[in-house]
Amino acid sequence: QVHLVESGGGLVQPGGSLRLSCAASGSIVSLNAMGWYRQAPEKLRELVAVITSGGSTNYADSVKGRFTISRDVAKNTVYLQLNSLKPEDTAVYYCNVYGTPLWGQGTQVTVSS
């Protein structure tokens, strides 16, 4: 059974940075595309970034140039580096085995002064 555990969220001021981690069980990070999504209050969950099994990355337009997705295959962990954070980045961030119903429990990111 696959488990995904996110961590690294918190409260940060506008312009600040955070690094989110998604620890996965097994070798899933090396074998599958992995995605980060977010869901703000009263909004639909949206895709933020994807990293393929080959290491290619894609980003939502709203985060391009500010967020970076990466992975450590040896640690079975996917990361999301969040820089230049804005209040509109406030959301619960979820890790996902891309294209599957496998989700973590989410980690809250709040950007506020």
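This passage describes the fold, core and surface of one protein chain. The structure is a predicted model, in which local features need pLDDT of at least 70 and side-chain atom pairs count only at pLDDT 80 or more, while totals for chains, interfaces and linings use all residues. Residues are numbered from 1 along each chain as its sequence is written, and side-chain values use heavy atoms, with hydrogens and water left out.

The protein chain contains one helix and 10 strands (DSSP runs, H or I of at least four residues for helices and E of at least two for strands, numbered from the N terminus). Their order from the N terminus is β-β-β-α-β-β-β-β-β-β-β. The radius of gyration, taken over C-alpha atoms, is 13 Å, close to the 13 Å given for 113 residues by the globule rule, so the protein chain is as compact as a globular protein of that length. The rule is 2.2 Å times the number of residues to the power 0.38.

Of the 113 residues, 39% are buried (under 20% relative accessible area, 1.4 Å probe, protein chains only). The largest nonpolar core (buried Ala, Val, Leu, Ile, Met, Phe, Trp, Tyr and Cys residues joined through side-chain atoms within 4.5 Å) has 27 residues, of which Trp 36, Phe 67, Val 78, Leu 80, Leu 82 and Tyr 93 touch the most other members. Two or more core residues come from each of β3 (18-24), α1 (28-31), β4 (34-39), β5 (46-51), β7 (67-72), β8 (77-82), β9 (91-97) and β10 (107-111).

Among contacts (heavy atoms within 4.5 Å) between residues at least 6 apart in sequence, 52% join residues at least 24 apart.

Conventions: Buried < 20%, exposed > 50% of the residue type's maximum accessible area, 1.4 Å probe, protein only.
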